[in-house]
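Here's a quick tour of a model, taken one neighbourhood at a time. Have the coordinates open and follow along.

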Amino acid sequence: MRLLSTVGAVAVMLGTQVMAQPATRLVWQPVQEYFIHRDEGQQVLAGTKRLNSFTAYTHIGTDFGFHGPAEHEIEWLTDEVVVHLGQQPDAWAGMWHSLAGQARNASRVMDFTHAYPEPVTARYQPRVTAVMLRASGRGRIKLEIKSPTDEPRWTQVIELNEKQYRMFVHPVAPESVRDGKTIIWTAEPGAEVKVSGLFLGIEQPQIPWDAYAFLASYAKIARSYSIGTGFVRDRAHIEEGAFESVSATGMYVLASAAAAQESLGVVTADYARWVLTRTHEAVKKLKTGRGLLPHFVHRHGRENAYSIHPGTEYSTVDTAIYAQSMLQAAIMLDVPAVAEDLILQIKEIDYDLLHLPDGHLSHGLADDGITLLPHGWQDWGGETTLVMLMEGIASPEHRPPPMRTPGKAWQGTGFITELQSLLHPDFDSDVPDAHDGVRWLSVRRSMLGAQLAYIPKRWPQSHAARNGIYGFSAGENEAGNGYYVGGVDLPDQKLIHPHYILMSSTLNPQAQETYDLLERMEKASYFPPWGMVENLNVDGRSYLPMEGSLNAGFEALSAYHLFAKNRKIPDAIYAASLKSPQIRRAMQLFYPVPAKVVGGDREAAAQ
């Protein structure tokens, strides 16, 4: 069941007086829709026994749990939570949901007058003005919002006598909840109820959709950033220090530099510079493997130091994404000391010991920092390109071997043809590149055409086909417990990773078509105020609301490029790439003639 996105429609349907302020709009953000993603054959257990902190999370990137003396009697079925209290006079049970971070972290709260992460400036901050519960059955359900010290900030009791599901909407005064920690529903003694969803009414400031698309995407990755550590968590709902992503951390810094541009002003320039230096200092303390940064890190020991997460790798591509993102952010924010330091770090990588016998760079090193991974960057695409550019910054004269199957992304996976263009303008050209002779712009457009055609051809009656949704790429699987790589070259693909919609958006000459699609996705709960969902099925019946930072980084940077193109203003990220002499020398591997940026578009000077 998909929610209506406007407060007026809900108010008319329910006969409820919930009014947004002038020049605002109200959008429903799920705290949790109680569907379950699970592997085939996996049992669904009652109560707290079924929770796994890595895969059990709310739609707002937090944790949740059960409470009450009858909590173990709660049944969580496929799409609803069922509470049978019957004649038990003292039995009550329900669910709590953290509003910010994990429930045990008392320092993380939600201010209902400023619902987005604190660095977002006041004019872009939404307010929480309503709570909605979707329920059926009979009895009383109490709704509460509490502070970190368990003090009530808002309470509402619902008298339920409904055979069919109904939406119960209740207003909240934002000023009364400045430190919201948990939102709770409790079935009181004697209740026989079913609950299928809990939602916050988010009153958004009236801003143009091109700015809003960037804002929502930036806020999504910002929720995973830790001011205290300088790192970005791989998933918003996990504990700080448990599993941080180095590449996503670099993209957050670059997205912050874009957010600080005068054309947006989503954060201040002072904040963006602080994030740049704070993160640079934190990452410099990491032990490297022959100069390579870890893919994932964790905090451990008495000193709470960070190091590589066991079982992961020192990664060439993640180092490349981090270093180039940070370098361009330092140029955008005019912090030359950090830029110079990053160039030194790139040059200190021991590339000679990272080459495989065929001449390609290895994917990296095992977690011991010594053992060379046997697979190398030889497949054509954006990942290999960024790795080559990183080595080219260190050694401009180096000429790596040709890529395998030039111009053809492995499996037709969407992000592979777009990753390089998150950072550099040169690949928006049909001048054959000097390394493999690939006409990048045509290849990227061809991939977009295949992506657009796949669902209407294979699943013509599907929800995705009717709404123009597309994107076979890579990310979490449907259950959210493993990495899945899809693509248009594979048969019977059903799992859409919609980050590709934004990653490919600048290829469409009509930017408004992308914004119209995002509006349709908002109405279907796929692009709520907390940012784009991780994936969805072509039939539209399920989606994964996980807030993953890697795809959030892809989305935020892509949304910025689309914003610049739509406004026909200079693209600051691309301008930084063009301004760096080290990047320009490395880029000669592909384009001896430099690119130029015209307005929000990018094109090759040789065209």
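## Around strand 8

Strand 5 (residues 93–98) runs antiparallel to strand 8, and the two are joined over six bridges. Within that pairing, G94 sits opposite T186 of strand 8. Strand 6 (residues 127–146) also pairs with strand 8 in the antiparallel sense, again over six bridges. There, I141 is the residue standing opposite A187.

How many of the residues in strand 8 are buried? Six of six, over residues 182–187. Both faces are covered: T182, I184 and T186 are buried on one side, and I183, W185 and A187 are buried on the other.

## How far to trust it

Keep in mind that this is a predicted model. The average pLDDT for the protein is 92, and 91% of the residues score at least 70. Residues 40–50 are one place to be careful: pLDDT stays under 50 there, and the model gives that stretch 15 contacts beyond four places in sequence. Residues 602–607 also have pLDDT below 50, with 25 contacts in the model beyond near neighbours in sequence. Where pLDDT is low, the predicted coordinates shouldn't be read in detail.

## Aromatics around F214

The structure holds 23 aromatic pairs, and two that involve F214 are set out here.

| Pair | Arrangement | Centre to centre | Angle between planes |
|---|---|---|---|
| F214 and Y218 | stacked | 5.8 Å | 20 degrees |
| F214 and Y560 | edge-to-face | 6.3 Å | 70 degrees |

Take the stacked pair, F214 and Y218. These residues are four apart in helix 2 (residues 209–222), so about one helical turn separates them. An α-helix has 3.6 residues a turn, so residues three or four places apart point the same way. F214 and Y218 are both buried.

The edge-to-face pair, F214 and Y560, has a longer reach in sequence: F214 belongs to helix 2 and Y560 to helix 13 (residues 549–567), so the pair ties together parts that are 346 residues apart. Why does F214 count as buried? Because its relative accessible area is 0%, and the cut-off for buried is under 20%. Y560 counts as buried too, at 1% relative accessibility.

Step back and you get one aromatic cluster, made up of F214, Y218, Y225, Y252 and Y560.

## Arginines over rings

Two arginines lie over aromatic faces. R25 lies over the face of Y212, at 4.8 Å from the ring centre. R458 does likewise over W459, at 3.9 Å from the ring centre.

## The start of helix 14

What caps the N-terminal end of helix 14? That's D571, with a side-chain oxygen 3.1 Å from the backbone nitrogen of I573. Helix 14 itself covers residues 572–579, and its buried residues are A572, I573, Y574, A576 and S577. I573 therefore turns up twice, as the partner of the D571 cap and in the list of buried residues.

## A glycine in a loop

Last stop: G241, in the loop between strand 10 (232–233) and strand 11 (244–245). Is G241 buried or exposed? It counts as buried, because its relative accessibility is 7%. Leaving out residues up to four places away in sequence, G241 touches H298, R299 and Y306. A305 is 64 residues from G241 along the chain, and their C-alpha atoms are separated by 9.4 Å.

Terms used. Residues are numbered from 1 along each chain as its sequence is written. This is a predicted model: local features need pLDDT of at least 70, side-chain atom pairs count only at pLDDT 80 or more; totals for chains, interfaces and linings use all residues. Side-chain values use heavy atoms; hydrogens and water are left out. Buried means under 20% relative accessible area, exposed over 50%, partly exposed in between (1.4 Å probe, protein chains only). Two strands pair if DSSP finds at least two bridges between them. pLDDT is the predictor's confidence in each residue, from 0 to 100. Contact means heavy atoms within 4.5 Å. Rings of Phe, Tyr and Trp (its six-membered ring) pair if their centres lie within 6.5 Å; planes under 30 degrees apart count as stacked, over 60 as edge-to-face and the rest as tilted. A charge sits over a ring if NZ of Lys or CZ of Arg is within 6 Å of the ring centre and within 35 degrees of the ring normal. A polar contact is a pair of N or O atoms within 3.5 Å; within protein, one must be able to donate a hydrogen and the other to accept it, and residues adjacent in sequence count only if both atoms are side-chain atoms.
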